[in-house]
Amino acid sequence: MKKTMTRKDQYDVAILGSGMAGGMLGAVLARNGVKVLLLDAGTHPRFAVGESTIPYTSGMTRLVADRYQVPELRALSSFKGIRDKVSRNCGQKQNFGFVYHREGRAQNAQEINQLVVPSVLRTETHLFRQDIDAYLFHVAVKYGAHPRLNTRIVDIEVDPDTGAVLRTDSGEEFRASYVVDGSGFRSPLAEKFELRETPTRARTNSRCLFTHMTGVEAFDKSPAARNHDQPNPWHHGTLHHVFDGGWLWVIPFDNHADSLNPLCSVGLTLDPRVFPKGDQTPQQEFDEFLRRFPEIAHQFRNAKSVRPWVSTGRLQYSAKQVVGERFCLTSHAAGFIDALYSRGLTNTLELVNALGWRIIEASKDGDWSMERFGYLEDLQQGLFDFHDDIVYSSFVGFRDYELWNAVNRTWMLGTMLGNVMLEDAYYRFERTGNDAVFRELETHGHPGSPLPVSSGFNEMGEMTRELCRAVEGGSEQPGEAARKILAYIRDADFIAPSFKFGERETRCFAMSPAKMAMNARWCRKDAPPEIGKRMINASKGLVRMRLRAGK
């Protein structure tokens, strides 16, 4: 006999996937009175990638914690908080490092790039995801989310007037007014409504093999690194070995004295048009790669994988629609580009922040219309396209160091200026307690851009993409494209000239007190108002944060 549904079986929202997106969103909603069903086909703890944070990630975590009054999330907004309150299995991140390699040639000590996280923002972490995801899941459960692990959803029926019915592979049914699908590529909603773009619109084309290892040595000890002049040790951050056709990540969890974790995350990401996938095992393919790049291999001479390798096909997929009647695809259910630049977690947090208040209000007034959630369509598609542009341009740049050196600046600027936007909004929120400052951010053009208020910044990204397309097509030389990108940056009005981001020699950047002082003068005197005022507010907010931390 079919079970009769009661009000007890009706949820405001059903969240598919209890990883970082689902766990954090579930905690935010349950804390604010939303009846949440948190479903997952698997259990915790479990292996996951997406391990490297950026200042925007930590800043957004702090913002979400305070905006939605979930104090447990604040621990995840800094390396110290994670180390002291969540897990000592995570690593520290003080820099983003890039070492350029040419097959068959010695590594040129001048062909390196590094962005050092300023000490005032020294919050970044190499997340041991199985600990972080489990922590978020338990916070959500603590606040009242109803957990259902080992529960696979095989069908969803949506009625625009009443909500959704979700069916499991064992025949159970659940009802919810709204469904948030953060389950990944095999999203039940994407499959049900045929939302995948085929082929994907992504220009980036890469595949990956990855694992966790022990015995990975600090690259700083290798012969190739002896003449490097980067301001911060490679081992203190996320290291990217880049080369024509791909890049290799090295994310240590054991790079500080308090770590209890001997592991290191290692992933080799390749353009399949340059490195076609053959019939080798992932370990054989990785070993063959190291033979081709012996200066990288030095770091792995005593390394051993401690879990099965994962080897993927093409990583990129996208959705032609992510918001529909009574549902929203988020995070990796909506689309994916590449792990380069660690934007996956950032995009996830953007969605949690923008989706949270909408669901909270809908649970109170019953308005689950697409109009209320429509901004999320533009935001997610914008995040996807921005990330695709910069990663695509980078892969083209990997062919030639001069072009890569220029493209890398556009990423640095987006990382730095995006954080300015975030810290400005957070500073104003702290002063007023009014979250209208966050809703105001949704009114600017260029949704998904780190700096939506600057037309010049967004034109830079479009110009870089088109120059790289010309290089790929053979109508532009890499050196000439690099010259044009750097010239644009030198003339830009959205960055202080004293930083010299448009100069070829500015391969590495660390924010010193002297540079901060010069930037403050530029903000007051010469910066466009939409940039200068935000930078001043962001600086004030970071000083307050530092003082509260007792530093």
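In the predicted model, Arg 439 is positioned over the face of Trp 357, at 3.7 Å from the ring centre. A second placement of this kind involves a lysine: Lys 35 lies over the face of Tyr 11, with a separation of 5.0 Å from the ring centre.

Contacts between rings were examined next. The structure contains 30 aromatic pairs. One of these is formed by Trp 247 and Trp 249, whose ring centres are 5.7 Å apart and whose planes meet at 45 degrees, a tilted arrangement. Both Trp 247 and Trp 249 are buried. Ring pairs also join Phe 96, Phe 98, Tyr 341, Phe 395, Phe 398, Trp 404 and Trp 411 into a cluster.

Two helices were considered in detail. Helix H10 spans residues 370–397 and comprises 28 residues. From the first C-alpha to the last, H10 reaches 40 Å, close to the 40 Å expected at 1.5 Å a residue. Helix H10 is mostly covered, with 22 of its 28 residues buried.

Helix H14, formed by residues 478–490, has 13 residues. The distance between its first and last C-alpha is 18 Å, close to the 18 Å expected at 1.5 Å a residue. The buried residues of H14 are Pro 478, Ala 481, Ala 482, Ile 485, Leu 486, Ala 487 and Ile 489. These buried residues pack against two helices, H11 (401–432) and H13 (455–473).

Conventions:
Residues are numbered from 1 along each chain as its sequence is written. This is a predicted model: local features need pLDDT of at least 70, side-chain atom pairs count only at pLDDT 80 or more; totals for chains, interfaces and linings use all residues. Side-chain values use heavy atoms; hydrogens and water are left out. Rings of Phe, Tyr and Trp (its six-membered ring) pair if their centres lie within 6.5 Å; planes under 30 degrees apart count as stacked, over 60 as edge-to-face and the rest as tilted. Buried means under 20% relative accessible area, exposed over 50%, partly exposed in between (1.4 Å probe, protein chains only). A charge sits over a ring if NZ of Lys or CZ of Arg is within 6 Å of the ring centre and within 35 degrees of the ring normal. Helices (H or I, at least four residues) and strands (E, at least two) are DSSP runs, numbered from the N terminus. The expected span of a helix is 1.5 Å times one less than its number of residues. Contact means heavy atoms within 4.5 Å.
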